[in-house]
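User: I am new to this structure and would like to learn how to read its surface and its empty spaces. Could you take me through them step by step?

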Amino acid sequence: MQKSAWETKIGLAEMLKGGVIMDVVTAEHAIIAEKAGAVAVMALERVPADIRKQGGVARMSDPKLIKEIMSAVSIPVMAKVRIGHFVEAQILENLGVDFIDESEVLTPADEENHIYKYDFKVPFVCGCRNLGEALRRIGEGAALIRTKGEAGTGNIVEAVRQLRTVNKEIRALQTLEKSELMAAAKNLQAPYDLVEYVHEHGKLPVPNFSAGGVATPADAALMMQLGAESVFVGSGIFKSGNPQKRAEAIVSAVTYYKDPAVLASVSENLGEPMTGIEIDKILENDRMDKRGW
Amino acid sequence: MTYSKIIGVLAIQGAYFKHQKAVEKLGYKTLLVRNKQELDSVNSLIIPGGESTAMIIILKKHGMWDELKSFCKSYPVFGTCAGTILLAKKSHGLECFGEDNTFSVMDIEVVRNSYGRQVDSFKTDLEASISGSVKTIPAIFIRAPQVIGFDEQKVKVLSYCEGSPVLLQQNNCLACTFHPELTDSLDIHDYFCKL
């Protein structure tokens, strides 16, 4: 018997497919999320919209909060660490969280290196904006990739751009001859063996979810139709007028993402969505998706 | 006209594509099932792993619960992980859904997340008695449930892991607490498709 094998790490990511992972800041939120049909919750102290508004250094959450959330729900619990902060990851592993998100939403701790994720028993999810970044993270041991979007904006445009970019770059790799793959790896700044895998299989070697900017059931279904295998929703639920109703509607939208009749019915009368931000109104330095190397 | 069997895979949430792929490799036609119309077009159904709570909520909300419950009573069904939880007569950890919280077609008693959290997920090799012989099968357990009781008159155990039943059959219902769809082994899918 082997615990924490690569297959069990990817296995959990496989089980989360076709589902919604919701950001929660209290045990009460976590219970609302579970009752709405979330497949997992992301435990954090502030949702991205508040991190953006309040500023300051954003760090791993208080272990007490994470433990409260873990004991409040039966679904998997994820939590975030700063990019490169492997000690925060050691702490989360000790708490027994089910997935660690090495996240650009928190303030990076290392401007050159990400965490060497093979050192950990807990699987990691990491963000990407393009194929090269996705493959570098997988090369470091990430068992799940998500496009970053632009967290805390309620604006889906970056998530769409990034997922389309990853898909386009995958298709481009598939058209190459074997003799062209080393040059492609050089251009993508990605490990050669992973470039070879994508060339051969036409997909990432780990599941690929979407995050950042989902505010409506239609946003969630859009990402699924574009090829995301699940959807993370951050500020979009608990910063809206009726979190429970919106959470349920987004869950239905991810299951029935190809069924416009269901999408129409669940989109009805959801109350106020979170207030969105236009991406070009964000100062370059405040862009979270630019974090990660 | 030749009759060709269609194997359905419940596609509410979870590892449904992996099951679909496994069954297609065996040469069967498949259909992902999300609504009544799709359920009416299949001859048997796989209920994949994922989160049982999420599946129950979505099925009940979209009017699929009773449909599936009656389907499972009449046609071959194969549940893995969360699927096993749904097929069981009694599943611990679903109390918040009231009495009607499983399809209740197998006389087994199951506990959710029984091995612990994700760090306790594991892979191993098992001996399974299927299709008249004993086969070695790779098995991946993810936050897996455990079968803590079953009716010995009605339920046949096809495989054990460290003393605990992990692959069980009752008439044309098959339940498995691990994930054959995450490995290259097609033995269990092959067995189910022939039921």
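**Reading the surface and the spaces**

Analyst: Let us begin with one residue: A:Tyr118 sits in the loop between β5 (99-103) and β6 (124-128) of chain A. Please keep in mind that this is a predicted model.

User: Is A:Tyr118 buried or exposed?

Analyst: A:Tyr118 is partly exposed, because its relative accessible area is 40%, and partly exposed covers the range between under 20% for buried and over 50% for exposed. Together with A:Trp6 and A:Tyr116, A:Tyr118 forms a nonpolar patch on the surface, with about 330 Å² of accessible area together.

User: How should I read the largest pocket, and which residues lie nearest its centre?

Analyst: Rolling a probe the size of a water molecule over the atoms shows where empty space is left. Here the largest pocket has a volume of about 1200 Å³, and among its 48 lining residues A:Glu14, A:Lys17, A:Lys203, B:Lys18 and B:Lys21 lie nearest the centre. The largest share of this lining, 7 residues, is supplied by α1(B), while by class the lining has 21 nonpolar, 14 polar and 13 charged residues.

User: How many cavities of 30 Å³ or more does the structure hold?

Analyst: There are 5 such cavities, and the largest cavity has a volume of about 200 Å³. Its lining is made of 23 residues, with A:Asp23, A:Ala151, A:Ala211, A:Gly212 and A:Gly234 nearest its centre, and this lining divides into 8 nonpolar, 9 polar and 6 charged residues.

Notes:
Residues are numbered from 1 along each chain as its sequence is written. Chains are lettered from A and ligands numbered from 1 in the order in which they are written. This is a predicted model: local features need pLDDT of at least 70, side-chain atom pairs count only at pLDDT 80 or more; totals for chains, interfaces and linings use all residues. Side-chain values use heavy atoms; hydrogens and water are left out. On a 1 Å grid over the protein atoms alone, a cavity is a set of points where a 1.4 Å probe fits but cannot get out, and a pocket is an open set with protein on both sides within 12 Å along at least five of seven lines; lining residues have an atom within 4 Å of a point. Grid points are joined across faces, edges and corners, and a volume is the space filled by probe spheres set on the points. Helices (H or I, at least four residues) and strands (E, at least two) are DSSP runs, numbered from the N terminus. Ala, Val, Leu, Ile, Met, Phe, Trp, Tyr, Cys and Pro count as nonpolar, Asp, Glu, Lys and Arg as charged, and the others, Gly among them, as polar. Patches are made of residues with over 30% relative accessible area and no salt bridge: like charges are joined within 9 Å, nonpolar side chains (Val, Leu, Ile, Met, Phe, Trp, Tyr) within 5 Å. Accessible areas come from the Shrake-Rupley method with a 1.4 Å probe; for residues, only the protein chains shown count as cover. A salt bridge is a side-chain nitrogen of Lys or Arg within 4 Å of a carboxyl oxygen of Asp or Glu. Buried means under 20% relative accessible area, exposed over 50%, partly exposed in between (1.4 Å probe, protein chains only).
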